[in-house]
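Dear colleague,

Please find the structure below, together with the sequence. My notes on it follow.

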Amino acid sequence: MAQDDSRDNGSGFEAPRKLMEGLRSLYAGSPPVPAELDELVLAKARRRIARRRPLVVTLRWSLAGAAAAAALLALLVFAPTRRSAPAPAAQRAVAAAEDVNGDGRVDILDALALARSIESGRRTRSDWDINADGRVDRLDVDVIAMAAVSINRRSTQ
Amino acid sequence: MRTWHAVVVILLCLAAQAAAQDAAERPAVRFEAVDVYVDSGAQPLAAYQFELTAKKAKVAIVGVEGGEHPAFKEAPYYDPAALSRDRIIIAAFNTGRDLPTGRTRVARVHFQVSGLEEPAYAVTLNVAASSEGARIPATAAVEQGGKR
């Protein structure tokens, strides 16, 4: 015996057959969509995706540019420090010439020693010609004194 | 619309008042002179070298003068790069016979001070020497001079 869908035996509710058939036909399949509307939606989606692609590419290039700039900045910050640092041997040679009294440091006492030596007329060493002008005179004393007070290096070298 | 205008005007007035108050509280730039003394006791002082620093405040060295004794009256040696900084090394020598003994002012350093903090000056004597170039025991001290 076929079961009648229009009857609910549990609750006793009965719906008219016509209403039941109408509801069944309404939810039976997907509503018909015209092909033009489908095409329109697809075209719009394609356009939007096409617009997004350059943004992604731009973002990638921006990130690459920022990384390159950071690398360049790091080079600029660290490279001059390495370049400007004088070789220890050269530094020692200059310090040795300025260290007139030979106490292992360059300070005002070296300038005083050279000044006294020049004033007394004693023979001066050729390596005391600090400014390399062919003479050992007061200018060399000034160069040593200025080296002693230089704030870019320690006075007691 | 009128309410918005009133709110904007009130906000502008408050901002202007805050800016004016901030400007009034900001201290003016001032100048201080710092005297540096070296005491070599009974030994005649022929050469000195010291390092002067200023901490705790925004300062800039703006000038250096010589001392009070004729032997150190002339401007001493210093690195011009120290100007506009808070640290300087100063030195001088004299090969003459008229040299100071005891406590003598060897230099005066002028500072530009900005901000509320009072600078703390410190001096370190690197070396003091006799006319023969021999190191002699000595002490250095700073005294704050006038402000303007």
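Which residues does A129(B) touch, not counting residues up to four places away in sequence? The residues are L109(A), L112(A), A46(B), A47(B), A134(B), R135(B) and I136(B), where two residues are in contact if their C-beta atoms, placed from the backbone, lie within 7 Å. A129(B) is found in strand 7 of chain B; helices (H or I, at least four residues) and strands (E, at least two) are DSSP runs, numbered from the N terminus. A129(B) counts as buried because it has 25 C-beta neighbours inside 10 Å. The cut-offs are 20 or more other C-beta atoms within 10 Å for buried, 12 or fewer for exposed, and partly exposed in between, with C-beta atoms placed from the backbone. The C-alpha atoms of A129(B) and L45(B) are separated by 6.1 Å, although the two residues are 84 apart along the chain.

Conventions and confidence

This is a predicted model, in which local features need pLDDT of at least 70 and side-chain atom pairs count only at pLDDT 80 or more, while totals for chains, interfaces and linings use all residues. Residues are numbered from 1 along each chain as its sequence is written, and chains are lettered from A and ligands numbered from 1 in the order in which they are written.

The model scores ipTM 0.79 and pTM 0.61. Chain A has an average pLDDT (the predictor's confidence in each residue, from 0 to 100) of 78, and 73% of its residues score at least 70. For chain B the mean is 88, with 80% of the residues reaching 70 or more. Among the elements of chain A, the lowest mean pLDDT (65) belongs to helix 3 (residues 88-98) of chain A and the highest (95) to helix 5 (residues 138-148) of chain A. In chain B, the corresponding elements are helix 1 (residues 2-25) of chain B, lowest at 62, and strand 4 of chain B, highest at 97. Over residues 80-87 of chain A, pLDDT stays under 50, and the model has one contact beyond four places in sequence for this stretch. Where pLDDT is low, the predicted coordinates should not be read in detail.

Chain A

Chain A contains five helices and zero strands, in the pattern α-α-α-α-α along the sequence. Of its 157 residues, 15% count as buried. Among contacts in chain A between residues at least 6 apart in sequence, 42% join residues at least 24 apart.

Two packed helices are described by the angle between their axes and the distance between the axes. The axes of helix 4 (residues 108-120) of chain A and helix 5 of chain A come within 8 Å and cross at roughly 170°. Axes here are lines fitted to C-alpha atoms, for helices over the stretch in contact, and angles run from 0 to 180 degrees between N-to-C directions. The two helices are therefore roughly antiparallel to each other; angles over 145 degrees count as such, under 35 as roughly parallel, 65 to 115 as roughly perpendicular and the rest as oblique. Helix 4 of chain A contributes I108(A), D110(A), A111(A), L114(A), A115(A) and I118(A) to the contact, and helix 5 of chain A contributes R138(A), D140(A), V141(A), I144(A), A145(A) and A148(A). By class, this contact has nine nonpolar, no polar and three charged residues. Ala, Val, Leu, Ile, Met, Phe, Trp, Tyr, Cys and Pro count as nonpolar, Asp, Glu, Lys and Arg as charged, and the others, Gly among them, as polar.

The buried residues of helix 5 of chain A are D140(A), V141(A), I144(A), A145(A), A147(A) and A148(A). They lie on the same side of helix 5 of chain A because they cover an arc of only 160° around the axis, the arc being that of the directions from the helix axis to the C-beta atoms.

Chain B

Chain B has one helix and eight strands, which run α-β-β-β-β-β-β-β-β from the N terminus on. Of its 148 residues, 30% count as buried. Residues 24 or more positions apart account for 77% of the contacts in chain B with a separation of 6 or more.

Two residues of chain B that are not glycines have a positive phi: K56(B), at about 70°, and S84(B), at about 75°. K56(B) is in the loop between strand 2 (47-55) and strand 3 (58-65) of chain B, and is exposed, with 12 other C-beta atoms within 10 Å. S84(B) lies in the loop between strand 4 (77-78) and strand 5 (87-93) of chain B, and counts as exposed with 11 C-beta neighbours inside 10 Å.

The interface

The contact between the chains takes 20 residues from chain B and 19 residues from chain A. On the side of chain B that touches chain A, the elements giving two or more residues are strand 2, strand 4, strand 5 and strand 7 (120-129) of chain B. Strand 5 of chain B provides the largest share of that side, six residues. The residues of that side divide into 13 nonpolar, four polar and three charged.

With kind regards
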